[in-house]
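Q: Please take a close look at a single part of this assembly. I would like a connected account of how that part is built and how it meets its neighbour.

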Amino acid sequence: MKKGSFKFVLVLALSVCLLLTAAACGNKNAESNTGNNGGAASGEQETVTFWSWVPTDVQAEKAIATFEAANPNIKVDYWRGEQTDFQKKLQVAMAANEGPDLLGMQVGGMLNQYANTLEPIEALADKNWGAGWQDKFVKASIDQVKATDGTMVALPLNLTGQEFVLYNKTIFDKLGITKVPATYEEWLTVNATIREKGNGIVPVAFGAKDIWHDVDMFVSLSNQFASGKIYEAEQGKLAWTDQVFVDTMTAWSKLFTDKVMQDGALGLSTYPDARDQYFYSGKAAMFLTGSWHAGFSLPGGEKDGTAIENDEIGIFLLPQIGPNEARAVASVDTALSINKSSKHKEAAWKLLEFMTQGEGQQIMADFIQGSPAKVGVQIQSLDQFKFEAEREGIKTVNDAIANAIGKRLLDYPELTNAIGVAMQDVAAGKSIETALKDIQKISDGIDRN
Amino acid sequence: MFINLRKIDKWAIQAVLAVFALIWLYPLVQSVIKSLGINGFGNYLAVIQHPKVNYFLVVFNSFFIAVCTTAVVGLLATLAAYAFSKMQFKLKDVLFYSLVACLAIPATAVMSPLFFTAKTLGIMNSYAGVILPLVAFNAPFMLLILKNYFDSIPNAILEAGMIDGASSFRMYRTIMIPLGVPAIINIAVLTFIYSWNDYIIPLLLIRDEKMYTVTLATQFFTGTTNQTPEMVAQLYAALILMTIPSVIVYMFGQNAMKSGLTAGAVKS
Amino acid sequence: MTGNRSVLSGWRAYLYVLPILVLSGLFLYYCIGFTVYTSFHSWNGIDTDMKYIGFDNYIKLFDDKSYHIALRNNLIFFVCTVGVQAALGLMLAVLLRARLKGHAIFRSVYFIPTIMAPIIIAAIFRIIMDTNFGSLNEGLRAIGLDFLAVSWLGDPKYALMSIIIVNIFEWMGFSMTLYYSALLAIPDEIYESAKIDGSGFWRTLFKITVPLVGGTTSTLVILGIVGSLKTFDIVSLLTGGGPGRSTEFLTTYVYKKAIEEFNGGMSAAAGVTILVIALVLAVLQIQYTNRQQRDL
């Protein structure tokens with residue numbers, strides 16, 4: 001028996017050793033990496049880690065190559081993840097003080113929660129750009145990168161707006177629809193025509209499964225009923241049971257009962273479902289999306305290889321449904337922040353400057369990933385579009401964002417979730433009154449200090 | 001339970017099996033069709049030759065991680081299941097239930113503490129950094145399956161062994177392991193598949209692209225906006241390629257099960 | 001168990017359980033401890049700022065309608081998936097046990113979904129189950145069953161059922177495999193004598209086969225408990241917990257609270273309840289099995 005136990009202990013010890021060796025090996029790698037990073041002495045190469053969801057891999061490749069060519073001492077280690085992955089990875093890494101040097105930031109709720117861990121930007125900007133640098137950024141964008149206490153902790157990369165409708169002009173032309181709808185009645189008429197003559201084509205595809213998209217819709221719509229009220233309610237200064245929200249919800253609910261939204265919209269995500277199964281397959285004539293989608297028909301972009309690759313696509317602003325004229329709501333889509341505990345703040349700043357005010361900004365503008373946050377950037381890729389309506393679309397979108405009535409993203413994520421859930425409930429038949437009370441209950445529980 | 005089947009019974013059995021197989025095949029065939037969109041088999045080639053993914057390296061990483069995890073889980077779980085099933089000791093129930101309590105921890109619920117632990121141990125961005133958490137998450141689960149199975153092995157066999165003067169470890173080696181083969185294969189295959197398909201642990205703990213697993217590598221084909229139809233097709237191709245090694249492991253497991261069962265039957 | 005007394009005893013037993021305890025302790029006990037600790041604090045999940053707030057998180061949690069829905073959904077999901085997967089798995093395993101031509105291929109076909117990453121299964125089912133153009137509804141319309149062509153994922157009435165269907169598709173093969181290997185261990189003689197006794201198919205199934213694979217069934221029940229409490233990917237990919245909160249699960253709840261809403265404390269409180277539920281159910285199940293085995 002003793003011998004057996006001895007053998008057993010031996011096996012155990014060996015396996016533990018094996019694991020520890022493996023662990024140690026990995027550890028050594030990690031250390032040698034940080035060793036490289038840490039030694040930022042002159043002439044030595046410094047690595048800046050950068051995590052975000054935008055730029056995409058293709059965009060990042062071009063931007064980073066340009067940046068590295070201009071800054072041979074700095075190497076950029078970029079990781080891009082889908083928003084959901086990015087949020088998970090960033091949250092645990094920042095909590096353990098292992099976050100990246102430069103990171104993508106969404107304004108509103110996310111920015112407020114992260115504010116304590118982010119480097120205040122104003123001092124850096126003052127030092128590097130001198131006074132008055134704020135004028136280099138689109139006015140609306142610079143207000144949104146401040147935390148609730150007024151500290152600026154990010155710089156805007158680009159802006160996007162909602163709510164837009166991408167439409168297939170080729171289908172419109174074929175069905176004899178000559179004018180894009182500007183009012184709700186016109187929209188219903190257009191939809192009726194498509195249903196009647198379209199041979200099974202669905203008029204509008206909307207991904208109502210996405211909370212974010214529903215809330216975009218809510219913010220846009222509510223501004224058509226009483227502009228700015230939603231931002232008061234957001235801060236707890238107006239009840240969610242107010243008439244303006246009853247009207248907004250009623251209009252939203254009508255979109256479903258009037259069959260503007262396709263059957264089963266609540267089960268459909270904007271990407272990829274509504275986009276790929278409906279709009280890109282040529283099975284839907286219109287597709288609700290944001291301004292970021294306007295560049296999709298650039299050569300080499302999303303449109304190539306789809307069923308609508310040779311169709312002409314245009315974009316228009318959500319028709320007027322409420323009493324007020326339809327206007328976009330716009331927010332900074334991606335802002336960039338420097339990690340407060342970064343050991344490479346200088347280099348991170350250089351990259352931040354490159355992306356927001358330097359050549360990186362131009363590169364992003366040319367990919368049409370949102371509207372530029374820098375004042376005076378001209379999009380140079382416009383002549384690459386094949387169709388006039390597509391070029392027009394960029395102008396439509398950028399004008400609408402410049403004239404935006406308010407911001408797109410709300411400050412409190414639990415409020416955003418509550419509004420989205422309430423909207424889905426209403427679309428599924430729940431009473432508007434109860435749904436709004438549900439929002440109010442969540443809103444009451446928010447600590448706004 | 002079918003002895004001397006008539007021909008008509010055989011046909012009926014085959015028909016039922018075939019109907020279910022068709023239902024089960026339909027989504028699989030759909031995914032294969034998706035993966036052949038736009039460029040046909042070119043999508044598979046594009047995945048293998050992707051500029052940002054060294055496909056063979058990511059397969060190696062996943063394979064190495066899954067094999068190590070399976071080996072360690074197999075060792076730990078068989079040892080512990082043996083003790084919990086066949087030995088008597090004071091803290092037995094307490095220890096067993098404290099392990100059972102770990103069964104249902106969803107990784108998504110403990111991301112932060114997991115990360116802290118890995119950081120403290122200095123195993124982030126290493127193979128061990130993925131293997132150890134995978135072992136920790138899988139072992140209690142496999143322990144439970146094994147213990148249930150070991151309980152069904154008659155104590156009389158071990159008593160006979162004791163009379164022969166065999167040590168506890170020798171009985172583990174010569175009695176429990178051979179008799180436990182079917183269950184051990186099941187948990188091995190299961191652990192392999194779980195580790196192979198795991199996404200959240202490598203996502204959180206791996207930074208270096210050289211260490212990417214197949215699940216992580218799929219992120220090069222996703223993108224909510226700017227996802228071209230080619231990327232969509234390649235994503236499906238990548239996901240299907242990713243499945244193939246697991247299918248092979250399953251087939252091996254099935255074969256091993258057959259021979260293992262016969263061997264076990266002879267010994268008992 | 002054939003004897004009530006274990007054959008071996010003594011301090012060496014601890015050596016056998018030590019490795020698993022060490023590893024689990026390192027990760028899981030720490031994770032559990034951390035989660036329990038966090039559940040009594042207000043924490044946004046990011047900075048070092050944690051404030052002790054006693055049972056507030058639990059009070060808010062038990063008052064939250066979404067949490068109630070999640071509990072209910074987890075329960076429905078558990079009962080339906082375990083039941084159907086076991087029944088279907090056993091039936092197919094029995095048929096496969098006849099070992100007719102092609103049985104190995106059939107077995108692989110049923111099992112492949114278990115192997116595949118949930119992301120691809122969810123993506124395909126989202127396409128198949130689409131209301132307007134999905135092949136499921138097109139098929140139903142083609143055979144004149146238009147009234148069955150519902151919005152599978154977009155209607156709160158059907159969304160949970162659709163998730164259950166997809167889960168059964170994914171995991172039935174696993175139940176089938178476990179049953180199949182259990183059936184292989186049953187000697188043919190038992191069935192031969194049953195046949196001689198004139199026992200028919202159903203009688204043999206319920207009087208002989210089902211009791212003999214009881215161990216497997218109890219394993220599957222525990223796996224089902226664990227599986228349903230851990231189910232996350234398939235739900236978040238198929239419906240994201242919606243429409244509204246109609247398909248909220250405990251895990252999606254935990255995830256939303258922590259990652260989307262930066263409420264680490266409440267998320268942890270919900271996480272703790274998952275652990276407690278799992279422990280209670282597992283203990284009950286094990287004791288039930290033990291009692292049954294004693295009765296045998």
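A: The account below concentrates on chain C, with its contact to chain B and chain A as a second subject. The model is a predicted one, and the values that follow are computed from it.

Chain C contains 13 helices and 3 strands. Laid along its principal axes, the C-alpha trace of this chain spans about 75 × 70 × 30 Å. Of the 296 residues in chain C, 60% are buried. Sequence separation can be considered next. When the contacts in chain C between residues at least 6 apart in sequence are taken, 65% of them join residues at least 24 apart.

The surface of chain C can be described by its extent and by its atoms. The accessible surface amounts to about 12100 Å², and carbon and sulfur atoms contribute 66% of that area. As for charge, chain C carries 22 positive and 19 negative side chains. The centres of these two sets in chain C lie 8 Å apart.

The contact with chain B comes next. It draws on 97 residues from chain C and 100 residues from chain B. Between them, chain C and chain B bury about 9000 Å², with 78% of this area on carbon and sulfur atoms. On the chain C side, the residues that lose the most area to chain B are C:Leu8, C:Tyr16 and C:Phe27. Together these three residues account for 9% of what the chain C side buries.

Chain A may be set beside this description. Its secondary structure consists of 17 helices and 10 strands. Chain A has a radius of gyration of 25 Å, close to the 22 Å that the globule rule gives for 449 residues, so chain A is as compact as a globular protein of that length. The C-alpha atoms of chain A fill a box of roughly 80 × 65 × 50 Å along the principal axes. Within chain A, buried residues make up 60% of the 449 residues. Where contacts in chain A have a separation of 6 or more, 75% of them are between residues 24 or more positions apart.

The surface and charges of chain A complete the account. Chain A has an accessible surface of about 17200 Å², of which carbon and sulfur atoms hold 52%. There are 41 positive and 56 negative charges in chain A, and their mean positions are 5 Å apart.

Methods:
Residues numbered from 1 in each chain as written. Chains lettered and ligands numbered in written order. Heavy atoms only, no water. Helix = DSSP H or I, 4+ residues; strand = E, 2+ residues; numbered from the N terminus. Rg over C-alpha atoms; globule rule 2.2 N^0.38 Å. Buried < 20%, exposed > 50% of the residue type's maximum accessible area, 1.4 Å probe, protein only. Contact = heavy atoms within 4.5 Å. Areas by Shrake-Rupley, 256 points an atom, 1.4 Å probe, with all protein chains shown as cover. Lys, Arg positive; Asp, Glu negative; His and termini not counted. Charge placed at Lys NZ, Arg CZ, Asp CG, Glu CD. Buried area = accessible area lost by both parts, 1.4 Å probe.
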